[in-house]
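Please open the structure in your viewer and keep the selection tool at hand, since each stop on this tour asks you to pick out a few residues and look at how they are placed.

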Amino acid sequence: MASLEVSRSPLRSRRELEVRSTRQDKCSVLLPTYNERENLPLIVWLLVKSFSESGINYEIIIIDDGSPDGTKDVAEQLEKIYGSDRILLRPREKKLGLGTAYIHGMKHATGNYIIIMDADLSHHPKFIPEFIRKQKEGNFDIVSGTRYKGNGGVYGWDLKRKIIRLYRKEVLEKLIEKCVSKGYVFQMEMIVRARQLNYTIGEVPISFVDRVYGESKLGGNEIISFLRGLLTLFATT
């Protein structure tokens, strides 16, 4: 008797491969914090919600730099609530710079994709699945959020805000080796170095919102250091 097996369409096979690939992927979110007691529970909840709804495997690495407001205590509670396999608290004794916070977090990351973002809710986690889709679509080394394309926008957002980005883990490791900045200019230097090394960069239009609670971490001296860092970066690249 002839076999009744039905051949699968190329489109269906492609979709199944994409689903299996996504299940094998893991995202490690690096979340540096300093005095984010109010924001941290909400950003973590939004991250968990976004990852859970999209079926993406994940871990959230909280790097607290000795926050005097009790951010570390909140992070410990979140670790108990969501589990230490999902929330990893990896604190440091004091503020040592954003760049070094990412380096510290990378040592504990087990995902093949690394997402760097701020805990102040200026980046909404709902865009993360789109970052993953964009990466798969173009096989990009880096995917960056941008306010200059499509429906991206800014709401109460100023020049000091950092940009959410997704990196292949091995790409971020190589970029970190090349970067010399340690403060807020670190992220900008990484994208400049990425272009020098001919890494491919995809962009996703997103909306930025000014911080929900608290005040900006950038004081006057840090803003001056940021601008000096930019000048040094442009002078040496």
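For this tour, an axis is a line fitted to C-alpha atoms, taken for a helix over the stretch in contact, and an angle runs from 0 to 180 degrees between N-to-C directions. Keep in mind throughout that this is a predicted model.

Begin by selecting helix α6, residues 169-178, together with helix α7, residues 186-196, whose axes come within 10 Å and cross at roughly 105°. Angles from 65 to 115 degrees count as roughly perpendicular, so α6 is roughly perpendicular to α7. To see where the two helices touch, show the side chains of Leu 172, Leu 175, Ile 176 and Lys 178 on α6, and those of Phe 186, Glu 189, Met 190, Arg 193 and Ala 194 on α7. If you colour this contact by class, you will find six nonpolar and three charged residues, with no polar ones.

Keep α6 selected and add the strands that α6 lies across, namely β4 (113-116), β5 and β7, noting that α6 runs at about 95° to β7.

Next, select β5 (residues 142-146) and β7 (residues 165-168), which pair in the antiparallel sense over three bridges. Within this pair, look for Val 143, which stands opposite Leu 166 in β7.

Finally, show the open sheet of seven strands, which has mixed pairing and follows the order β3-β2-β1-β4-β7-β5-β8. Which strands stand at the edges? They are β3 (87-89) and β8 (201-205), each with a single partner strand, so one side of each is left without a neighbour in the sheet. As you move across the sheet, the twist averages 20° from one strand to the next.

Conventions
Residues numbered from 1 in each chain as written. Predicted model: local features only at pLDDT ≥ 70, side-chain atom pairs only at ≥ 80, totals over all residues. Heavy atoms only, no water. Helix = DSSP H or I, 4+ residues; strand = E, 2+ residues; numbered from the N terminus. Parallel < 35°, antiparallel > 145°, perpendicular 65-115°, else oblique. Contact = heavy atoms within 4.5 Å. Nonpolar A, V, L, I, M, F, W, Y, C, P; charged D, E, K, R; others polar. Pairing = 2+ DSSP bridges.
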